[in-house]
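Student: Could you walk me through this protein model, one question at a time? I would like to learn how to reason from what I see.

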Amino acid sequence: MKETLEEFSVQFLNVIYRRVVAQNSINIVLVLQGEIILTPEGETAQTLRENQLQVINRNQEWWLEGASDNIVV
């Protein structure tokens with residue numbers, strides 16, 4: 001059976017630590033509750049709070065960290 005790539009994927013997460021490897025896709029991170037720290041590879045870390053959105057370029061590694069309860073899409 002031939003495997004195909006998904007056109008899109010939606011995940012709801014409570015993040016403590018999550019590392020995302022570089023892939024040929026654009027990622028959109030939306031904080032629904034709480035706050036997280038987003039660190040794209042080679043860039044300065046930034047804090048995202050409730051209702052803030054960040055677009056992450058394709059082929060870039062990045063990390064998410066959260067210290068308290070949060071919901072991230």
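**Contacts, core and surface**

Tutor: Gladly! This is a predicted model, and we can begin with one residue and its neighbours. Leaving aside residues up to four places away in sequence, Val 31 touches Ile 36, Leu 48, Arg 49, Glu 50, Asn 51, Gln 52 and Ile 71.

Student: Which elements give two or more residues to the largest nonpolar core?

Tutor: Let's start with the members of that core. The largest nonpolar core has eleven residues: Val 15, Val 20, Val 29, Val 31, Ile 36, Leu 38, Leu 48, Ile 56, Trp 62, Leu 64 and Val 72. In soluble globular proteins, nonpolar side chains tend to be buried together. The elements that supply two or more of the core residues are β2 (27-33), β3 (35-40) and β6 (62-65).

Student: How many residues apart in sequence are the parts that Arg 19 and Glu 61 tie together?

Tutor: Side chains of opposite charge can pair when their charged atoms come close. Arg 19 and Glu 61 form a salt bridge through their side chains, at 2.7 Å from N to O. Arg 19 belongs to strand β1 (residues 17-20), while Glu 61 sits in the loop between β5 (53-56) and β6, so the pair links parts whose separation in sequence is 42 residues.

Student: Is Glu 61 buried or exposed?

Tutor: Here a cut-off helps: buried means under 20% relative accessible area. Its partner Arg 19 has a value of 48% and is partly exposed. Glu 61 has a relative accessibility of 18%, so this residue counts as buried.

Student: How many salt bridges are there in the whole structure?

Tutor: Besides the pair we just discussed, the side chains of Glu 35 and Arg 49 meet in a salt bridge, at 3.3 Å from N to O. Glu 35 is in strand β3 and Arg 49 in strand β4 (residues 46-49), so this pair ties together parts 14 residues apart in sequence. Glu 35 is partly exposed at 38% relative accessibility, and Arg 49 is partly exposed at 45%. Searching the whole structure gives a total of two.

Student: What is the area of the nonpolar surface patch that includes Val 10?

Tutor: Val 10 lies in the segment before β1. With 53% relative accessibility, Val 10 counts as exposed. Together with Phe 8, Phe 12, Leu 32 and Ile 71, Val 10 makes a nonpolar surface patch of about 530 Å².

Student: Phi of Asn 51 has a positive value; what is that value near?

Tutor: Most residues other than glycine have a negative phi. Asn 51 is in the loop between β4 and β5, where it is exposed with a relative accessible area of 63%. Its phi is near 70°.

Student: And what is phi of Asn 59 near?

Tutor: Asn 59 is found in the loop between β5 and β6. This residue is partly exposed, at 48% relative accessibility. Its phi is also positive in a residue other than glycine, near 55°.

Student: Which residue has a backbone oxygen 2.9 Å from a polar atom of the side chain of Asn 70?

Tutor: Asn 70 is in the loop between β6 and β7 (71-72), and at 2% relative accessibility it counts as buried. Not counting residues up to four places away in sequence, Asn 70 touches Leu 13, Asn 14, Val 15, Gln 33, Gly 34, Glu 35 and Ile 36. The backbone oxygen at 2.9 Å from its side chain belongs to Ser 68.

Technical notes
Residues numbered from 1 in each chain as written. Predicted model: local features only at pLDDT ≥ 70, side-chain atom pairs only at ≥ 80, totals over all residues. Heavy atoms only, no water. Core = buried A, V, L, I, M, F, W, Y, C linked by side-chain atoms within 4.5 Å. Buried < 20%, exposed > 50% of the residue type's maximum accessible area, 1.4 Å probe, protein only. Helix = DSSP H or I, 4+ residues; strand = E, 2+ residues; numbered from the N terminus. Contact = heavy atoms within 4.5 Å. Salt bridge = Lys/Arg side-chain N within 4 Å of Asp/Glu carboxyl O. Patch = residues over 30% accessible without salt bridge, like charges linked within 9 Å, V, L, I, M, F, W, Y side chains within 5 Å. Areas by Shrake-Rupley, 256 points an atom, 1.4 Å probe, with all protein chains shown as cover. Polar contact = N/O pair within 3.5 Å; in protein donor to acceptor, adjacent residues only side chain to side chain.
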